[in-house]
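Subject: Structure for you to look at, with notes

Dear colleague,

I am handing over the structure below, and my notes on its side-chain pairs, its cores and one of its pockets follow it. Please read them with the coordinates open beside you.

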Amino acid sequence: MLGTAAIRLGCRVAILSDSADCPAKGSCSELLVGSSASLDSLKKLAGSVDVLTLENEFVDSELLRALEGEGTLVFPTAQSIALVQDKLLQKRVLAEHSLPVPEFEPLDDFSAMKEIGQRFGYPFLLKKRRNGYDGKGNFTVRSQEDISKAWKALNGDQNGLYAERFFPFNSELAIMISRSKEGTEVAYPVVETIQKEHICHIVKAPAQFPRSILEEATSLARQAVRAFNGIGSFGVEMFLGPEGNIVINEMAPRVHNSGHYTIEACECSQFENHIRAVLGWPLGSSAMLAEGAAMVNLLGAGDGTGWPQGIEKALGIPGAFVHLYGKEKSSVARKMGHVTALGSNVGKALQKAERAANALQFGNV
């Protein structure tokens with residue numbers, strides 16, 4: 001989706017992938033096969049581009065710093081990535097900027113777990129500091145009996161972990177902020193996200209909450225992206241508490257699932273604004289083109305081909321925009337695509353999006 005947006009602006013795109021069959025191969029001029037954990041592979045990519053950007057936060061920041069040291073323009077910068085990809089550092093930066101986050105505590109070893117349980121109470125969250133997404137890397141510790149299970153599940157002897165006090169929330173909010181090298185910003189509408197098995201399932205835009213809540217969420221997200229000197233499109237996920245209080249749950253230094261709806265629903269998508277931001281071009285408008293929009297993720301139901309059953313039925317639903325990612329294989333809960341719909345309100349948009357999504361099945365069903 002980033003490649004498609006870049007091509008529309010006349011750019012040539014080079015991609016580094018660990019597979020020659022990556023879904024993005026259709027949106028690039030040059031495909032380099034190699035590991036993003038290899039400095040040599042990253043140098044080859046850097047030699048093919050004027051600006052290097054990322055679609056995930058899992059490239060080690062020290063490798064990016066090495067590229068910057070040789071003159072490569074990397075956005076978001078290695079420093080921004082370093083502070084965001086380690087979620088404990090991310091929480092510390094947010095707290096240091098007086099931004100609301102759930103109470104957290106680093107964990108040096110297993111022996112500290114019981115004391116954390118006594119102080120935070122149950123349940124509390126045990127989280128990996130790095131390389132966690134879609135609920136992978138998190139464990140809800142519901143009682144003292146869960147402590148050993150949680151430590152083992154997250155491989156605490158090998159991975160850096162931290163603990164987080166459970167925040168009782170009523171809803172989950174998210175927002176995309178696009179920020180340029182010059183510091184200009186565009187804020188997209190605050191959306192409500194609905195999770196299924198810890199994976200974003202539905203996005204409703206705009207979120208249907210009082211204006212004061214939406215304005216506060218937008219302000220917090222802007223401050224958060226500035227705290228990391230973010231360049232590009234950043235996703236900010238938040239919890240809305242029962243008293244209308246908001247805390248920041250997590251940040252993503254990249255285009256984000258909660259902003260996929262912007263392709264059809266906004267004047268300039270999160271993907272195009274990311275490209276504009278890292279190239280130093282003026283940012284586009286984030287204004288919505290309809291009163292309501294909804295996105296439904298298409299998740300694999302089991303192992304099988306990446307091509308869905310029901311494509312004819314889904315494409316026959318007026319106003320539904322079907323995006324298939326071209327992944328070769330489906331597996332349980334793997335993101336295979338998404339459907340977006342627009343409407344005169346969020347509810348009508350969601351009805352159309354769900355009809356199309358329900359028609360599509362991936363995997364052996």
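The helices and strands named in this message are DSSP runs, of at least four residues for a helix and at least two for a strand, numbered from the N terminus. Please keep in mind throughout that this is a predicted model.

I begin with the second largest pocket, which has a volume of about 370 Å³. Strand 12 (199-205), strand 15 (292-299) and helix 12 (346-359) each supply at least two residues of its lining, and strand 15 gives the largest share, with four residues. The lining consists of 19 residues, of which Lys 196, His 201, Asn 297, Leu 298 and Leu 299 lie nearest the centre of the pocket.

Next come the nonpolar cores. The largest nonpolar core has 30 residues, and those that touch the most other members are Leu 94, Leu 173, Ile 175, Val 236, Met 238, Ile 248 and Met 251. At least two residues of this core come from each of helix 5, strand 9 (171-179), helix 8 (211-227), strand 13 (232-240) and strand 14 (246-252), and among these elements helix 8 gives the most, with eight residues. If you would like one residue from which to explore this core, Leu 94 may serve: leaving aside neighbours within four places in sequence, Leu 94 is in contact with Leu 99, Val 101, Ala 224, Phe 228, Ile 248 and Met 251. There is also a second, separate core of 19 residues, which includes Ile 317, Met 336, Ala 356 and Ala 359.

The aromatic pairs in the model number four. In one of them, the rings of Phe 167 and Phe 239 have their centres 6.2 Å apart and their planes at 10 degrees, and the pair counts as stacked because planes under 30 degrees apart are classed that way. This pair links distant parts of the chain, since Phe 167 lies in the loop between strand 8 (161-165) and strand 9 whereas Phe 239 lies in strand 13, 72 residues apart. Both rings belong to buried residues, with a relative accessibility of 14% for Phe 167 and 10% for Phe 239. Phe 239 also pairs with Phe 169, the ring centres being 4.3 Å apart and the planes at 5 degrees, so that this pair is stacked as well. Here again the partners come from distant parts of the chain, with Phe 169 in the loop between strand 8 and strand 9 and Phe 239 in strand 13, 70 residues apart. Phe 169, however, counts as partly exposed, at 31% relative accessibility. Phe 167, Phe 169 and Phe 239 together form one aromatic cluster.

I turn last to charged side chains, where the count comes to 20 salt bridges. One of them joins Glu 70 to Lys 43, with the closest N and O atoms 3.2 Å apart. Because Glu 70 lies in the loop between helix 3 (61-69) and strand 4 (73-74) while Lys 43 lies in helix 2 (residues 39-46), the pair ties together parts that are 27 residues apart in sequence. Glu 70 counts as exposed, at 54% relative accessibility, whereas Lys 43 is partly exposed, with a relative accessible area of 33%.

Another salt bridge brings together the side chains of Asp 86 and Arg 129, at 2.7 Å from N to O. This pair, too, links distant parts of the chain, as Asp 86 is in the loop between helix 4 (78-85) and helix 5 (87-96) and Arg 129 is in the loop between strand 6 (124-128) and strand 7 (138-141), 43 residues apart. Asp 86 is buried, with a relative accessible area of 9%, while Arg 129 is partly exposed, at 23%.

Within a single helix, Arg 119 and Glu 115 meet in a salt bridge of 3.1 Å, N to O. Both residues lie in helix 6 (residues 113-120), four residues apart, which is about one turn of the helix. Arg 119 and Glu 115 are each partly exposed, with relative accessible areas of 35% for Arg 119 and 38% for Glu 115. Salt bridges that share partners join this pair with Glu 103, Glu 105 and Arg 165 into one network.

With best wishes

Definitions and conventions. Residues numbered from 1 in each chain as written. Predicted model: local features only at pLDDT ≥ 70, side-chain atom pairs only at ≥ 80, totals over all residues. Heavy atoms only, no water. Salt bridge = Lys/Arg side-chain N within 4 Å of Asp/Glu carboxyl O. Buried < 20%, exposed > 50% of the residue type's maximum accessible area, 1.4 Å probe, protein only. Core = buried A, V, L, I, M, F, W, Y, C linked by side-chain atoms within 4.5 Å. Contact = heavy atoms within 4.5 Å. Phe/Tyr/Trp six-rings, centres within 6.5 Å; stacked < 30°, edge-to-face > 60°. 1 Å grid on protein atoms, 1.4 Å probe; cavity = no way out; pocket = protein on both sides within 12 Å on 5 of 7 lines; lining within 4 Å. Points joined across faces, edges and corners; volume = space filled by probe spheres on them.
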